[in-house]
Amino acid sequence: MDEKISVIVPVYRVEQYLEECIKSIIEQTYSNIEIIIVDDGSPDCCPQMCDEFAKQDSRIRVIHKENGGVSSARNVGIEVATGKYITFIDSDDYVDKDYLLKLYNNLNGCSISECGIICFDDTGLRSINYKLPIILSWEEYLTEVNLNGFLSYAIVCAKLYLRELFVEVRFPLGRINGEDEATTFKLVYTGKKVSRIYEGLYFYRQRENGASKTKVTDKRIKDCDDLFNEKINFFKDKDRDDLVAFFSAKKAIAFIGLYNSSEKRKQKKICDKIIKELFGVFRFRRNVPLKYKLYTVMHILKHPLNMRRGN
């Protein structure tokens, strides 16, 4: 018998997209599901729409709560989930009718299964390159070995998780950026293996006012700093100096991106200081890709005066 899957959908200000999302879940070919819709204090018509959906399908449970952000909403969903497996679907996205069926059939003894993501906006869908299915160890996954350009580790959606992985893991509260990646790396580490199919089953809507489109702010810099420090400290505690170096390099690359995108001198100085301090951690580590070292060196050579002044 197919095991129950809990589908958690956080909802906030998405009344123009919500019906498409929920309909795609209701029409899944995998039927043994519970749909947990968490209304995160949405000020539009979403709360009423959620209640109407619940009247139409007995598998739907609606939870209304005060606004606390997407992490808070997902955590509430995790607390009440009763399925053996959990998946997260953002309420402005939608999924293929075989999304759950194919993820479930793709588990292959792993505790996490994931599929391809098709990004789209008002101009239409973007194509995805199909490759053979693959099973990755947690180290391969987190260090981007065999990713084939498939950088989905930073996104919590498009995956099916064994619910037991969440016993000691929750989404961090109060962050605007990086809350997904701060959670997925712990789930992957705990789960040990990820089974992947490249077929695009999850449709990710890219909106102009979405979080991924925001400008560089002090809050975004702090969230990025917190995210990578959490990863670095996590592997420090496990005496994995190689992974400390790897994620220090990843942090440097992320801060070079923030530096280049920032329009404020103060923010650039903060990013520049972090980049140059990190370089000493990974410059001689063999497990760190050469491209990360070269990219960081190019930044340092381009901004040498700041380094000499100690800023």
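This passage walks through the overall make-up of a predicted model, then turns to one helix and its cover, a set of salt bridges, a buried lysine and a pair of crossing helices.

The protein chain of the predicted model contains eleven helices and ten strands. Of its 311 residues, 52% are buried. Contacts between residues well separated in sequence are plentiful: among those with a separation of 6 or more, 79% join residues 24 or more positions apart. The chain presents an accessible surface of about 15400 Å², and carbon and sulfur atoms account for 50% of that area.

Helix α3, spanning residues 70–80, offers a good place to start looking inside. Its buried residues are Ser-71, Ser-72, Ala-73, Arg-74, Asn-75, Gly-77 and Ile-78. The elements covering these residues include four strands, β1 (5–11), β2 (33–40), β3 (60–65) and β4 (85–88), together with helix α6 (179–191).

One of the buried residues of α3 carries a charged side chain that finds a partner. Arg-74 forms a salt bridge with Asp-90, with 3.0 Å between the closest N and O atoms. Because Arg-74 belongs to helix α3 and Asp-90 to the loop between β4 and β5 (94–95), this pair ties together parts 16 residues apart in sequence. Both partners are buried: Arg-74 has a relative accessibility of 2%, and Asp-90 has a relative accessible area of 17%, so each falls under the 20% cut-off for burial.

A second pair, Glu-230 and Arg-175, meets through its side chains in a salt bridge of 2.9 Å, N to O. Here Glu-230 lies in helix α7 and Arg-175 in the loop between β9 (159–162) and α6, so the link ties together parts 55 residues apart in sequence. The two ends differ in their surroundings, as Glu-230 is partly exposed at 22% relative accessibility, whereas Arg-175 is buried with a relative accessible area of 18%. Returning to Arg-74, salt bridges that share partners join this residue, Asp-90 and Asp-180 into one network.

Across the whole structure, the search finds 22 salt bridges. Among them is the pair Glu-3 and Lys-84, whose side chains meet at 2.8 Å, N to O. This salt bridge links distant parts of the chain, since Glu-3 sits in the segment before β1 and Lys-84 in the loop between α3 and β4, 81 residues apart. Both of these residues are partly exposed, Glu-3 with a relative accessible area of 26% and Lys-84 at 38% relative accessibility.

Helix α7 (residues 218–237) also holds Lys-231. Is this lysine buried or exposed? At 1% relative accessibility, Lys-231 counts as buried. Leaving aside residues up to four places away in sequence, Lys-231 touches Glu-181, Phe-185 and Phe-247.

Finally, helices α8 (residues 241–261) and α10 (residues 290–302) cross one another. Their axes come within 10 Å and cross at roughly 40°, which makes α8 oblique to α10. The crossing of the two helices is left-handed. From α8, the residues Phe-246, Ala-249, Lys-250, Ala-252, Ile-253, Ile-256, Tyr-259 and Asn-260 take part in the meeting, and their counterparts in α10 are Tyr-292, Tyr-295, Thr-296 and His-299. An α-helix has 3.6 residues a turn, so residues three or four places apart point the same way.

Note on methods
Residues are numbered from 1 along each chain as its sequence is written. This is a predicted model: local features need pLDDT of at least 70, side-chain atom pairs count only at pLDDT 80 or more; totals for chains, interfaces and linings use all residues. Side-chain values use heavy atoms; hydrogens and water are left out. Buried means under 20% relative accessible area, exposed over 50%, partly exposed in between (1.4 Å probe, protein chains only). Contact means heavy atoms within 4.5 Å. Accessible areas come from the Shrake-Rupley method with a 1.4 Å probe; for residues, only the protein chains shown count as cover. A salt bridge is a side-chain nitrogen of Lys or Arg within 4 Å of a carboxyl oxygen of Asp or Glu. Axes are lines fitted to C-alpha atoms, for helices over the stretch in contact, and angles run from 0 to 180 degrees between N-to-C directions. Angles under 35 degrees count as roughly parallel, over 145 as roughly antiparallel, 65 to 115 as roughly perpendicular and the rest as oblique. A crossing is left-handed if the near helix is turned anticlockwise from the far one by less than a right angle, and right-handed if clockwise.
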